[in-house]
Amino acid sequence: MKIDELLLHTVSMPLVAPFTTSFGTQTERIAVILELRARDDHGDPVTGWGECVAMAEPLYSSEYAAGARRVIGDFLLPILAAAEHLTAETVDHLLKPIVGHRMAKAAVEMAVLDAQLRSRDLRFADYLGAVRDSVPSGVSIGIQPSIDQLLDTVQGYLDQGYVRIKLKIEPGRDIAPVRAVRERFGDDLLLQVDANAAYTLVDAPLLRRLDDFNLLLIEQPLGEEDLRQHAELARQMRTPMCLDESIVSAEAAADAITLGAAAVINIKPGRVGGYLEARKIHDLARAHGIAVWCGGMIETGIGRAANAALAALPGFTLPGDISASDRFYRTDITEPITIDNGSVTVPTGPGLCSEPIRDALAEFTVDSTRIPI
Ligand SMILES: O=C(O)CCC(=O)N[C@@H](C(=O)O)c1ccccc1
């Protein structure tokens, strides 16, 4: 494949409701959408789409949207444009000289992969080796202003058919909300919590109290760098330990599994540098008997569709944060992803996602930059 040009569209999409986590409250999603224009091996024009999941500010990880745009335009694209044999499978190797910036790298790999799949009229799920036509849909619920509002919110998502509830927690808003949800909805509700690294090992006695609520897992209670400490906390808790922010690559996953820091892994393609690295982590975890599920970064329909295909791999045995588009957006920039009977259908068309809807993309675009080759 030969790249002709890349368009970087920064979109600002209002959320249907504020989304509060331990690192802040989001009311809009800023995302960098990649429109890659290239020629396939027959010289025919093809367009590939990608989405960079980096947030507007470096609050979840060190990357942020404006920084990712710079890295993509100034460093990543020139390397790929100069490549003699550019394929999705060689992007990671070609970009090795650039240190870090995994979300930026994931986005360009995604655009190259989408173009490659479309040029071959290939469905992403088939390319990956997916084994399901639909995947169970879990929903992530932000920290709510009151327990009553939390209970109403949980009820609302259960009424929509979501099969698993994830509650964001933070110090001071953890035990009481989890107890209230467990008491209201009973022991059969698939329930887990996500702390986004808000605690320290000093909080172990408090976190151990979560063992009373029969949770599926506790996600990233400690810091991104704290593999050894998560292993120590895992030894002190019955609730399975799940890592998110810490798992930035297959190598980090191998370290976490070996140290006993993760009994479950949340795989996010953007966080680990792309869907191909995500599949490597899936394969590694499976070989170690470690369950994985697909996390979400409030993606638009581009990333949301691709995540549904990834989650259809056999090792994704726990419901992921793959909710319908309307969980976050009134209008998506692609055909909306919907939840039917608790599941999201794995996309059936060629490529990673359905083509973005130009009017919707234009409506939310706050800046478009053409990167010439
Ligand atoms: O369903 C979704 O797309 C969001 C799931 C979710 O809670 N994502 C959280 C997380 O910590 O995992 C997040 C969202 C946005 C940015 C960073 C993290």
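**Two domains and the interface between them**

Domain 1 and domain 2 bury about 3,000 Å² between them, and carbon and sulfur atoms give 67% of that area. Buried area here is the accessible area (1.4 Å probe) that two parts lose on being put together, summed over both. Val16, Phe19 and Tyr60 supply 21% of what domain 1 buries against domain 2, more than any other three residues.

This is a predicted model: local features need pLDDT of at least 70, side-chain atom pairs count only at pLDDT 80 or more, and totals for chains, interfaces and linings use all residues. Residues are numbered from 1 along each chain as its sequence is written, and side-chain values use heavy atoms, with hydrogens and water left out.

The domain assignment, automatic or from a database, gives domain 1 (2-121 + 358-372) and domain 2 (125-345). Their C-alpha centres lie 24 Å apart. The contact (heavy atoms within 4.5 Å) takes 31 residues from domain 1 and 40 residues from domain 2.

What about charge pairing? The rule finds zero salt bridges across this interface. A salt bridge would need a side-chain nitrogen of Lys or Arg within 4 Å of a carboxyl oxygen of Asp or Glu.

Now turn to one residue, Ser140. Ser140 sits in strand β5 (residues 138-141); strands (E, at least two residues) are DSSP runs, numbered from the N terminus. Ser140 counts as buried because its relative accessibility is 10%, and buried means under 20% relative accessible area (1.4 Å probe, protein chains only). Leaving aside neighbours within four places in sequence, Ser140 is in contact with Phe19, Lys166, Lys168, Asp321 and Arg327.

Methods. Helix = DSSP H or I, 4+ residues; strand = E, 2+ residues; numbered from the N terminus. Buried < 20%, exposed > 50% of the residue type's maximum accessible area, 1.4 Å probe, protein only.
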